Amino acid sequence: MRVAIVGKGGAGKTTLAGTLIRVLARRGRKVLAIDLDTNPGLAYAIGVPPVDDGLPEEALEQSDDHKVAWYGWKLATDLAPNDAVMRYGIEGPDGIRFLSPGKIASDKDVVKRNISAVQQIARGFDAPGWDLIGDLEAGSTTPYEGYTKFAERALLVVTPGWTSRLMARRLLPILGDTPTMIVASRFANGNFDPDLTPDVNIPYDENLARADQLGQPPIDFCPDAPGVKAIEELADRLVAEEAQA
Ligand SMILES: Nc1ncnc2c1ncn2[C@@H]1O[C@H](COP(=O)(O)OP(=O)(O)O)[C@@H](O)[C@H]1O
Ligand SMILES: [Mg+2]
């Protein structure tokens with residue numbers, strides 16, 4: 001499966017992404033995790049060593065083709081996306097591979113050099129039997145720019161807050177034809193939003209917030225917490241739906 005995780009900042013995207021990735025890997029699946037957020041996060045939620053660097057220089061190439069090479073950089077021509085993942089993907093728990101365009105940190109150009117290459121990898125990666133889960137930056141800008149194009153389906157994470165629901169209503173037309181599941185996060189009960197019917201509920205769970213306070217993956221810190229259980233159920237549903245398709 002190829003899944004993009006989108007929604008407003010703080011909705012619970014990275015918590016969901018990191019836990020979903022770990023659950024799928026524990027179900028015996030091979031999972032490529034791509035952090036498309038240039039701020040720190042997904043590495044901690046999965047439990048891979050966090051790095052601010054992107055791909056090494058040898059994986060990148062300068063180009064004037066503005067369609068492919070934003071900021072003048074792209075994936076090296078002789079480097080196939082599948083090979084890039086196997087060579088440069090950081091190994092994480094349960095056999096996960098992790099890639100990111102780096103973080104906006106002391107080397108402010110690292111994301112500029114890497115962002116096109118990582119998207120080329122996401123779109124081109126097709127190693128048989130592998131899942132690809134991409135955690136996006138908050139909001140509508142990067143979906144608008146096409147960062148979800150690698151995905152066969154999207155998980156749109158929404159909290160009951162007004163602006164989170166507004167963001168979700170704006171993201172739906174941007175996602176267009178991409179089948180999208182609405183994941184209600186921290187939603188207790190009652191009417192959610194007249195335009196948004198949740199497909200999945202992830203309850204408010206203090207354990208998840210505590211795991212984040214400690215910088216630990218929820219699946220290691222609180223494996224039996226209701227929030228983790230809800231994400232396990234979602235993973236099973238995604239696997240079952242993929243088998244039916
Ligand atoms: N279901 C939940 N219940 C309680 N806290 C949550 C839940 N999901 C996420 N959080 C907490 O909310 C904060 C934002 O979550 P995060 O996954 O980083 O959001 P995003 O990636 O959408 O910005 C974190 O502190 C996280 O631990
Ligand atoms: Mg996040």
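Me: What makes strand β2 (residues 30-36) and strand β6 (residues 97-99) a pair, and in which sense do they run?
Reply: They share three bridges, in the parallel sense; pairing takes at least two DSSP bridges, so they qualify. In this predicted model, local features need pLDDT of at least 70 and side-chain atom pairs 80 or more, while totals for chains, interfaces and linings use all residues. Residues count from 1 along each chain as written, chains are lettered from A and ligands numbered from 1 as written, and side-chain values use heavy atoms, without hydrogens or water.

Me: Which β6 residue is the bridge partner of A33?
Reply: That's F98.

Me: Why are β5 (90-91) and β10 (200-202) called edge strands?
Reply: The open, mixed sheet of eight strands is ordered β5-β6-β2-β7-β1-β8-β9-β10. β5 and β10 each pair on one side only.

Me: How do you know that T14 makes a polar contact with ligand 1?
Reply: An N or O atom in T14's side chain is 2.8 Å from a ligand 1 oxygen, and the cut-off for two N or O atoms is 3.5 Å, so the pair counts. Ligand nitrogens also sit 2.9 Å from a polar backbone atom of P203 and 2.8 Å from one of D205. The protein buries 83% of the 560 Å² that ligand 1 exposes alone (Shrake-Rupley, 1.4 Å probe).

Me: What makes up the shell around ligand 1?
Reply: There are 16 surrounding residues (a heavy atom within 4 Å), with G10, K13, T14, T15 and D212 the closest. By class, the shell has six nonpolar, five polar and five charged residues. Helices α1 (13-26) and α7 (206-214) each supply at least two of them; a helix is a DSSP H or I run of at least four residues, and a strand an E run of at least two.

Technical notes
Polar contact = N/O pair within 3.5 Å; in protein donor to acceptor, adjacent residues only side chain to side chain. Nonpolar A, V, L, I, M, F, W, Y, C, P; charged D, E, K, R; others polar.
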